[in-house]
Amino acid sequence: LLSQPGKTFNGASISNSGKWIAFQIGKTSFVDVPQLAIMPLNGSEKDIIILPFDRNKGSITWSSDDQYLYFTSPSNGGTVLNRTNISTKKTTTLSSFETGIAAYALAGNKILSARVQVSNPCELYSTDALYKNEQQLSSFNDWVKTKKLSYPTKQSFKNSQGMTVEYWVMKPTNYQQGNKYPLLLEIHGGPSAMWGPGEASMWHEYQYFCSKGYGIVYSNPRGSGGYGADFLKANIKDWGTGPASDVLTSLDKAVAEGWADTAQLLVTGGSYAGYLTAWIIGHDHRFKAACSQRGVYDLFTFFGEGNAWRLVPNYFGGYPWEPKVKEILNRESPITYVQNIITPYIIFHGANDRRTGFIQAEMMYRSLKVLGRP
């Protein structure tokens, strides 16, 4: 139906009448927010209608009368359900930024959804077409009623680019005023992922550490998804210094609350966040311990080893043999600063990992062993 060099067309959804098709138009570079579009099923490129909405979109579904498009989007810490009016092109966000819509389905004027929230990892709910008049349909996670949970507090600051960075602070489950607690800085991967109270994958890890007496701070630094195209592209040619500044500012602000033990600060993250953990401890010595999981540490070998190699040309503007790009990759690779790492450091990496490539961990480990670092 559609094909253009340098573009991707995906997420197709046929309207109930069979007359229309909705889909997304993206760039093969993928460091951008795809556009939501519709066109007549028997139409062509000239018939495409763009429905503007500056967030990533998923699970596109038509209303039964072809008047609305429903879709989910990661946004400001939640995965929300949206509804776009086809005639006005106006999009309304129906659900809360404090929750995550894991999946949903439409039937007439009813919505069935699976929803993540801090108080419960996931349950099924029924609502009307405007996500009102809610009924909880399942009780898969009633066990949480016997548990004490830690609830995140959302805060924000302006970074060096003038962009608003959101972060969340979770106190230890058994927090008592006047006591000091270790504080864990959690970093997300991607680098275009997004964390928040509506994020399912970290529910257990956060609650586990809080139950063990740790506080947690996590943020969405520049380059994260969920905040639009400009924010997403704010870490191009800058994977290290800028994002590190954002996550460390969130840590500083959490420490400023007064309850963290500054001699017991810890940092961890996986994939791109494994990269950023290594970058941080190569430039900052405040941490008692650090842990990288499935990280990338040398961008030159990552280009050849990892199946996510397109991150190199897409974020750094070219290939390792090009002089200007070579300079950037050297500057942005944590392995360049390995001699500065003195923080006790544990590295996890799967032996069959073809995403980031396990040689990344071998290089970092060997270098630190030769240097005699803990």
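**Strands, cores and spaces: a first walk through the model**

Mentor: Welcome! In this predicted model, strand β13 (residues 153-158) and strand β14 (residues 164-170) pair in the antiparallel sense over six bridges. Let's start there.

Trainee: Which residue of β14 does Ser-156 stand opposite?
Mentor: Look along the pairing of β13 with β14, which is antiparallel. Find Ser-156 and go across to β14; the residue facing it there is Glu-166.

Trainee: Which residue in the hairpin of β13 and β14 takes a positive phi?
Mentor: Five residues sit between the two strands of this hairpin. The one with a positive phi, near 80°, is Gly-162.

Trainee: Which helix gives the most to the largest nonpolar core?
Mentor: The largest nonpolar core has 64 residues, and those touching the most other members are Leu-185, Leu-276, Phe-287, Tyr-345 and Met-364. With eight residues, the top contributor to this core is helix α4 (residues 272-281).

Trainee: How many residues are in the other core that lies apart from it?
Mentor: Ala-22, Leu-69, Phe-71 and Ile-86 are among its members. Its full count is nine residues.

Trainee: Which proline is in contact with Tyr-345, leaving aside neighbours within four places in sequence?
Mentor: The contacts of Tyr-345 include Gly-274, Thr-277, Ala-278 and Ile-281. Also among them are Tyr-297, Met-364 and Leu-368. The proline in that list is Pro-374.

Trainee: Which helix supplies the largest share of the lining of the largest cavity?
Mentor: The structure holds two cavities of 30 Å³ or more, and the largest has a volume of about 80 Å³. Its lining includes Trp-203, Tyr-206 and Gln-207. The largest share, three residues, comes from helix α1 (residues 203-211).

Trainee: Which residue is the charged one in the lining of the largest cavity?
Mentor: This lining divides into eight nonpolar, two polar and one charged residue. Glu counts as charged, and the lining has one such residue, Glu-199.

Trainee: How many polar residues line the second largest cavity?
Mentor: About 40 Å³ of space lies in this cavity, and its lining includes Asn-56, Ser-224, Gly-225, Gly-226 and Gly-228. Gly counts as polar here. Beside three nonpolar residues and one charged, the polar ones number five.

Trainee: What is the volume of the largest pocket?
Mentor: Of the 26 residues lining this pocket, the closest to its centre are Phe-30, Gly-190, Ser-192, Leu-311 and Arg-355. β1 (7-14), β2 (20-27) and α6 (311-316) each supply at least two lining residues. By class, the lining has 13 nonpolar, nine polar and four charged residues. The pocket's volume is about 480 Å³.

Technical notes: Residues numbered from 1 in each chain as written. Predicted model: local features only at pLDDT ≥ 70, side-chain atom pairs only at ≥ 80, totals over all residues. Heavy atoms only, no water. 1 Å grid on protein atoms, 1.4 Å probe; cavity = no way out; pocket = protein on both sides within 12 Å on 5 of 7 lines; lining within 4 Å. Points joined across faces, edges and corners; volume = space filled by probe spheres on them. Helix = DSSP H or I, 4+ residues; strand = E, 2+ residues; numbered from the N terminus. Core = buried A, V, L, I, M, F, W, Y, C linked by side-chain atoms within 4.5 Å. Buried < 20%, exposed > 50% of the residue type's maximum accessible area, 1.4 Å probe, protein only. Contact = heavy atoms within 4.5 Å. Pairing = 2+ DSSP bridges.
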